[in-house]
Number of protein chains: 2
Amino acid sequence: MTSTTKVVPDIVIGRLPLYLRALTYLAEESRELTSSQELSDRLGISPAQIRKDLSHFGEFGKQGTGYNILFLSQQLQRILHLAEEWEVVLVGAGDLGHALVHYGGFEGRGFRIAVVFDRDPQKIGKKLGESEIFDVEAMPTIIKDMGIKVSIIAVPASDAHTVADTLIESGVRAILNYAPITLSVPPHVQVQYIDPVIHLQRMTYYLA
Amino acid sequence: MTSTTKVVPDIVIGRLPLYLRALTYLAEESRELTSSQELSDRLGISPAQIRKDLSHFGEFGKQGTGYNILFLSQQLQRILHLAEEWEVVLVGAGDLGHALVHYGGFEGRGFRIAVVFDRDPQKIGKKLGESEIFDVEAMPTIIKDMGIKVSIIAVPASDAHTVADTLIESGVRAILNYAPITLSVPPHVQVQYIDPVIHLQRMTYYLA
DNA sequence: TAGATTGTTAATCGATTAACAATC
DNA sequence: TAGATTGTTAATCGATTAACAATC
């Protein structure tokens with residue numbers, strides 16, 4: 001019998017970034033303390049669940065007082081491995097790629113788009129954000145050299161799986177996939193999906 | 001005692017668009033039939049769960065044979081209210097707004113960005129996609145006139161809640177929110193969120 | 001001290017899975 | 001008929017919630 005390491009449920013992990021985001025807004029309001037009740041009001045997640053989620057990782061609050069906002073933020077950043085900034089590789093320099101590079105929301109939240117690839121010769125060599133656009137052919141070399149572990153796929157669906165395979169063989173361990181396909185990846189690789197149509201279709205079910 | 005209408009769990013509704021997307025790819029391969037096992041292989045959702053999910057809405061397959069791809073697609077489109085195309089209002093004509101308008105992925109999947117708003121006088125009056133960019137001040141009038149029910153928020157976080165409130169008072173019932181804040185909305189309004197950083201932070205937890 | 005709020009336990013609730021009769 | 005696969009039931013598994021002792 002091997003030891004059964006108590007794993008924190010993935011659904012709990014998925015809520016931690018929401019807690020962190022809410023805490024960041026509270027900190028901007030120059031607040032010092034908060035409570036599971038206040039976080040609940042802001043996030044629509046029950047106070048009991050917030051306390052239970054946090055309890056998987058330690059004791060971060062004080063009875064009668066609540067949570068110190070900066071302290072809890074720091075702890076969540078540590079738990080989520082956001083103490084240092086992750087360099088991100090972006091594949092796809094189309095409209096979406098441009099929007100992502102010019103998006104200010106990565107800064108201060110743990111990520112920086114450090115290198116961009118595309119396969120279009122018209123785009124290769126041009127500057128995009130802090131990076132030049134490189135040929136996808138150069139992906140394995142450059143990604144390995146830079147030691148990049150986090151990626152964003154913003155290419156058409158037809159190219160996405162090939163790109164994912166190349167990213168993985170280049171050492172990438174996390175993929176944020178904007179292409180509307182499910183990727184098949186080995187267990188050590190994390191994948192998250194963003195497909196706006198999936199979200200819209202989920203809502204229209206509830207419309208008369 | 002009021003009658004307890006058996007409600008289909010929201011988590012089930014959330015998977016239906018994935019089934020529909022997979023079926024669309026199968027149809028493009030000119031296939032006629034599929035099975036819960038094949039959908040499982042493509043989606044990473046168990047065959048039992050797929051069958052159970054579908055059983056909430058009727059019997060769409062044949063024992064020993066499986067599911068007719070076009071028939072099941074049609075049924076899912078009907079269930080999700082995608083038989084007709086929804087006109088969508090986009091608020092925010094920045095980089096993200098441009099990317100969304102030029103994104104080809106809405107067509108044929110039930111949505112069309114029919115009107116765009118921004119508050120920047122430099123942008124108002126210019127063309128974006130099939131719409132002119134209108135002043136956000138005109139939102140209530142135009143949205144009510146057009147009878148639009150579905151929206152996308154692509155403005156900075158600081159403006160997002162005001163925009164959401166205006167959308168709701170204009171009759172919108174579904175909001176896809178790209179701003180990194182949780183919205184507080186009445187129960188008859190659906191909200192879905194897209195924040196790439198949340199997805200990235202969820203993955204880095206698993207990276208050494 | 002009185003009031004507030006945590007961390008945790010146990011109960012409840014809900015979702016997933018396994019298994020199989022029905023049947024194409 | 002033999003093989004395949006659905007739809008459904010019951011069992012299992014896991015997540016959420018309620019409640020409260022501990023304590024700031």
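How many residues does the contact take from chain A and from chain B?

## Basis of the model

This is a predicted model, in which local features need pLDDT of at least 70 and side-chain atom pairs count only at pLDDT 80 or more, whereas totals for chains, interfaces and linings use all residues. Residues are numbered from 1 along each chain as its sequence is written, chains are lettered from A and ligands numbered from 1 in the order in which they are written, and side-chain values use heavy atoms, with hydrogens and water left out.

## The interface of chain A and chain B

The contact takes 58 residues from chain A and 58 residues from chain B, where contact means heavy atoms within 4.5 Å. Between them the two chains bury about 5,700 Å², of which 64% lies on carbon and sulfur atoms; buried area is here the accessible area (1.4 Å probe) that two parts lose on being put together, summed over both.

Six salt bridges are counted between chain A and chain B, and 22 over all chains, a salt bridge being a side-chain nitrogen of Lys or Arg within 4 Å of a carboxyl oxygen of Asp or Glu. The side chains of B:Arg202 and A:Asp10 form a salt bridge with an N to O distance of 2.8 Å, and this pair crosses between chains, from helix H8 (residues 196-204) of chain B to helix H1 of chain A. A salt bridge also joins the side chains of A:Arg109 and B:Asp195, at 3.0 Å from N to O. Across the interface the rule finds 26 residue pairs in polar contact, both residues at pLDDT 80 or more; a polar contact is a pair of N or O atoms within 3.5 Å, and within protein one must be able to donate a hydrogen and the other to accept it, while residues adjacent in sequence count only if both atoms are side-chain atoms. The elements of chain A that each supply at least two residues of its side touching chain B include helix H1 (10-28), helix H2 (36-43) and helix H8 (196-204), where helices (H or I, at least four residues) and strands (E, at least two) are DSSP runs numbered from the N terminus. By class, that side of chain A has 38 nonpolar, 11 polar and nine charged residues, with Ala, Val, Leu, Ile, Met, Phe, Trp, Tyr, Cys and Pro taken as nonpolar, Asp, Glu, Lys and Arg as charged, and the others, Gly among them, as polar.

## Relation of the two copies

A turn of 180° and a shift of 0.0 Å along the axis lay chain A on chain B with an RMSD of 0.0 Å, and the two copies are thus related as by a two-fold rotation axis. The superposition is by least squares on the C-alpha atoms of residues with pLDDT of at least 70 in both copies. Of the interface residues of chain A, 100% are also interface residues in chain B, so the copies meet through the same surface.

## DNA strand C

Around DNA strand C there are 25 residues, of which A:Ser36, A:Arg51, A:Gly61, A:Tyr67 and B:Gln49 come nearest; a residue is near a strand if one of its heavy atoms lies within 4 Å of it. Sugar and phosphate account for 64% of the atoms of DNA strand C that come within 4 Å of the protein. A polar side-chain atom of A:Arg51 lies 2.8 Å from a base nitrogen of this strand, while a backbone N or O atom of A:Phe60 lies 2.9 Å from a phosphate oxygen. The largest share of the surface near DNA strand C, four residues, comes from H3(B).

## DNA strand D

DNA strand D is likewise surrounded by 25 residues, the closest being A:Gln49, B:Ser36, B:Arg51, B:Gly61 and B:Tyr67. A side-chain N or O atom of B:Ser36 is 2.7 Å from a phosphate oxygen of DNA strand D, and one in the side chain of A:Gln49 is 2.8 Å from a sugar or linking oxygen. H3(A) gives the most to the surface near this strand, with four residues, and the surface comprises five nonpolar, 12 polar and eight charged residues.
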